[in-house]
Amino acid sequence: MAELPAPVTAALRRLPTPACAYVYDTSALRTAASRLRAALPARTTVLYAVKANGHPDVVRTMASACDGLEVASGGELDLAVRAGAPRIVFGGPGKTDAELAAAVRAGALLNVESRFEAERIAALGLSADICLRVNRAGVAVTGSHAMTGTPTPFGIDENQLGTVLETLPTGLNVIGFHLHAVSNNLDGTAHAAFIADAITWSITTASAYGVNLRIVNAGGGLGVDHTSSTSIDLAPLSQVSVPDGLELILEPGRYLAADAGWYATEVLDLKTTHGRTFAVLRGGTHHFRLPAAWGYSHPFTILPVDDWDRPYSRPAVTRTPVDAVGELCTPRDVLTRAQPVDRLRVGDLLVFARTGAYAWDISHHDFLRHPAPEFIVL
Ligand SMILES: Cc1ncc(COP(=O)(O)O)c(C=O)c1O
């Protein structure tokens, strides 16, 4: 079980019962950003992917801890502008006319995802330097959510790239390629090879089509193992060579934010049915959907709460595997399966570390209309 940092424990101990909160630590965000920056080759720009955690304080912290922000909607664009991000890149397969106009107005660099999107930008009277997002023919990189080398709605099929470039509307100037390929890659050597290949491919392709290449955007995908304290080894990334005159953009979300968040919920009930013991929580997958979405068991740490002044006896279990389940009326509301505990009591808190990324932000908050957690920013 992960040890909890003292400021996180102190913040959780101040919560009223029934406790339920996310704690975000801005110093952990800054530490992750500087660790990543130190591992990257010269001429690399780091943009934080806001989709991982769009809490305004997180976004504001990352706008200054990184070189800027990657956004994927008008809402995220708004957040990035308000956070004063020095650089903004706007991607995503379904941009509306209003979002395209707002992005150009804000000086954001657009990752254009289709020929039709390019036509719409020009028809709206907008002119801009753009990157084209490409779904390459055969990118082999491990991780989840493969987005290229396979049929997906993301980017322009490599086979159609020539036609798109040859028929690009006037007013649009291609300065680079966006090649985000995968999420949560835990293999640093494979990721470095993917980035190096993205650079080589971009140079060759730009030269074939007469593109004046300035940017290669290799996206995000730096991995974190949510079931342990392991993360991708960054060391191989420093070996990637970025040629003079080229800018490599990386836009990680998970790697930068995961370790800056803790989700804590109070145990409301303990019960055993058909031989399994369940801790029912004041929270669940409507606050933290990742384990259910990805089908894994997220480990917890117990924060014991010794005070007990309620007018009923206190249920407890000892030396038994416990399933941590939420307050929703679905058997899929499960955060953890069969984690052994020495002792767990109603009123104790379960604390889930590594929940700063894709936790609250990807969850179905309104299902059953339970109250939201508190958000504590350190
Ligand atoms: C285009 C793009 N960039 C960056 C990211 C961030 O990826 P990660 O959080 O895995 O680093 C994503 C995630 O889906 C993405 O789609």
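Around the ligand in this predicted model stand 17 residues, of which A49, G220, P252, G253 and R254 come nearest. By class, this shell comprises five nonpolar, eight polar and four charged residues.

The chain that surrounds the ligand is assigned two domains: domain 1 (6–23 + 259–377) and domain 2 (27–257). Their C-alpha centres are 34 Å apart. Where the two domains meet, 15 residues of domain 1 are in contact with 15 residues of domain 2. The side of domain 1 that touches domain 2 has eight nonpolar, four polar and three charged residues.

The interior of the model may be considered next. In soluble globular proteins, nonpolar side chains tend to be buried together. Here the largest nonpolar core has 106 residues, and those with the most contacts inside it are L29, M62, L69, A80 and L350. Because both domain 1 (6–23 + 259–377) and domain 2 (27–257) give residues to this core, it lies between them. One of the residues with the most core contacts, L69, illustrates the packing: leaving aside residues up to four places away in sequence, L69 touches L47, Y48, V50, V59, M62, A63, A80, A85 and I88.

Two of these partners of L69, V59 and M62, lead to helix α3. In this helix (residues 56–65), the buried residues are V58, V59, T61, M62, A63 and A65. They pack against a varied set of elements, namely the strands β1 (20–24), β2 (44–49) and β3 (68–71) and the helices α2 (26–39), α4 (74–82) and α9 (254–257).

The strands of domain 1 can be followed from β11. Strand β11 (residues 261–273) pairs with strand β12 (residues 276–281) in the antiparallel sense, over six bridges. L270 has A279 in β12 as its bridge partner. The two strands form a hairpin with two residues between them, and H274 in the turn has a positive phi of about 50°. On β12 there is a further pairing, with strand β14 (residues 316–325), in the parallel sense over four bridges. In that pairing, F278 has D323 in β14 as its bridge partner.

Strand β11 also runs antiparallel to β16, to which four bridges join it; the bridge partner of T265 is L350 in β16. Strand β13 (residues 301–303) pairs with β16 as well, in the antiparallel sense and over three bridges, and here L303 has L349 as its bridge partner. In a regular strand the side chains alternate between the two faces of the sheet. In β16, L349 and V351 point one way and L350 and F352 the other, and all of them are buried. L350 is also among the residues with the most contacts inside the largest nonpolar core.

Beyond β16 (349–352), the chain enters the loop that leads to β17 (374–377), and A353 lies in this loop. A353 counts as buried because 23 other C-beta atoms lie within 10 Å. The C-alpha atoms of A353 and R60, which are 293 residues apart along the chain, are separated by 22 Å. Y358 lies in the loop between β16 and β17 too, and has a positive phi of about 50° although it is not a glycine. With 26 other C-beta atoms within 10 Å, Y358 is therefore buried. L368, also in the loop between β16 and β17, has a phi near 75°, again a positive value in a residue other than glycine. L368, however, has 14 C-beta neighbours inside 10 Å and so counts as partly exposed.

Another loop, between α9 and β11, holds D259. Is this charged residue buried or exposed? D259 is buried, because 23 other C-beta atoms lie within 10 Å. Leaving aside residues up to four places away in sequence, D259 touches A28, A32, R354 and G356. The C-alpha atoms of D259 and T355 are separated by 6.8 Å, although the two residues are 96 residues apart along the chain.

A last local feature belongs to the loop between α1 (6–13) and β1, where P18 is placed. A cis peptide bond joins T17 and P18, with omega about -5°.

Methods:
Residues numbered from 1 in each chain as written. Predicted model: local features only at pLDDT ≥ 70, side-chain atom pairs only at ≥ 80, totals over all residues. Core = buried A, V, L, I, M, F, W, Y, C linked by C-beta atoms within 7 Å. Buried ≥ 20, exposed ≤ 12 C-beta atoms within 10 Å, placed from the backbone. Domains from an automatic or database assignment. Contact = placed C-beta atoms within 7 Å. Near = placed C-beta within 6 Å. Nonpolar A, V, L, I, M, F, W, Y, C, P; charged D, E, K, R; others polar. Pairing = 2+ DSSP bridges.
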